[in-house]
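Visitor: I would like a close look at one part of this model, namely a charged pair and the parts of the chain around it. Please take me through it slowly.

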Amino acid sequence: MTSAPLRLARRLRHAVRARSSRARGPAYLVSACGQPNFGDEFITRAWLDWLAEHQPEREVWLDTIEPGRAAHLFRDTHPRLKTTNTLWHLAHTGPADIDEAVERVQRLLREFGSPRFDLGLRELRRMESIHLLGGGYINSLWPENLGVIAAMTTLRTEFGVRIFATGQGLMPAEGEVRDWLMPRLREFDFVESRDAESAEAFGITQGVDDAFLAFANGRPVYAAEDSIPDSMILVQGDMFDSAHDPELAALVRGFVARADDASSVGFAEAIPPDDLKFAAEHVDDRSPFFPFIRMWDEGFPAKPGQEWLTSRFHFHLLAAAAGAKGAFLNAKPGYYDVKHGSLTALGTGWTAQGFAPEAGGAEPSADARFPAVARRLGRHKSRLASRLYRAPR
């Protein structure tokens, strides 16, 4: 039973946090969530949970690609959450040319003049901070997203709004995009990458992926172990060159065949319904299937000693942090190899799996020390959050 002095101390800490957050301006988060994609949603929920615990009375805005879906996905996170798509809508409705798009963003922020954006842009001017959440969506693959960066730097220069970015995967960064992005990132109050390649290319702080923050929060990360199979597969349905479909299908069949009972091999999806592409022929009434919504509601289906075959970065991260062994596939050179490489550099011990016919089936492996590393990195990310949001520890 908790002692009376300890209960009183907890109430006092909560009261201090509540007074502090009431006195603060609104916090504005920008994320590629809401589509949904499990990794982006998981990162966003981790930050909203952290803010709910440390600054529950603060007004919090989430700018997302699909604010309606986001309102449902994050309904049980921060009590003062509001969702919008102001910056994403602004970025995605502009001209393709970077310079023209930037000029438009700056003009609308400074002068208004568009009924589609003015109310949201007016709100942005009063934010205390704008936080670009982690992920791999600011790079050469999606130049249309750069308008978000242009808006953030304009708000800092013109209206004094603090801007920061955490856990960024900026690779690949090529040519015009790299040249444009480099000086803009220098205008941020703080920028952190999640991989060495991004840090080196842009001269920014190297950190880790924002998903690690979840290990410092109160919400359980994993599903109940009795509901989790001993083997799991997620070979994604997007990003791979379709020429490799036969080899990928063969790898999935081979991984299923390793099990004593093929019907006990579980399948998961990060992006519904795309990720059923290589799973559909194996999933039936007997197969453990973990669609997005089941994992979202029940927790991530990983446990110690389990074996995984996956191409998804955050599934590598979360399964390895649970103590599972795994083999990972590179869905897109220059992008996914950097992401998975950041995890092997941290010590997951997982095996890189080729998908050429001669590659065969790689033996899943793991480093037993990584679960402890993941939780230490979660505490480190939480300390960073305290500094960025000026929260008492």
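Guide: Arg 126 counts as partly exposed in this predicted model, because its relative accessibility is 39%, a value between the limits of 20% for buried and 50% for exposed. Its partner is Glu 59, with which it forms a salt bridge whose closest N and O atoms are 2.6 Å apart. Glu 59, by contrast, is buried, with a relative accessible area of 14%, so the bridge joins a buried residue to a partly exposed one. Glu 59 sits in the loop between helix 2 and strand 2 (60-63), while Arg 126 sits in the loop between helix 6 (118-125) and strand 4 (129-132), and the pair therefore ties together parts that are 67 residues apart in sequence.

Helix 2, which precedes the loop of Glu 59, spans residues 38-54 and gives eight residues to the largest nonpolar core, the largest share of that core. The core has 125 residues, and Phe 38 is among the members that touch the most others, as is Ile 130. Leaving aside neighbours within four places in sequence, Phe 38 is in contact with Ala 270, Phe 292, Met 295, Trp 296, Phe 300, Phe 315 and Leu 318.

The pair of Glu 59 and Arg 126 belongs to a count of 22 salt bridges. Another of these joins Glu 158 and Arg 110 at 3.2 Å, N to O, linking helix 7 (residues 146-159) to helix 5 (residues 98-111) across 48 residues; here Glu 158 is partly exposed at 39%, and Arg 110 is partly exposed at 40%.

Key: Residues are numbered from 1 along each chain as its sequence is written. This is a predicted model: local features need pLDDT of at least 70, side-chain atom pairs count only at pLDDT 80 or more; totals for chains, interfaces and linings use all residues. Side-chain values use heavy atoms; hydrogens and water are left out. A nonpolar core is a set of buried Ala, Val, Leu, Ile, Met, Phe, Trp, Tyr and Cys residues joined through side-chain atoms within 4.5 Å. Buried means under 20% relative accessible area, exposed over 50%, partly exposed in between (1.4 Å probe, protein chains only). Helices (H or I, at least four residues) and strands (E, at least two) are DSSP runs, numbered from the N terminus. Contact means heavy atoms within 4.5 Å. A salt bridge is a side-chain nitrogen of Lys or Arg within 4 Å of a carboxyl oxygen of Asp or Glu.
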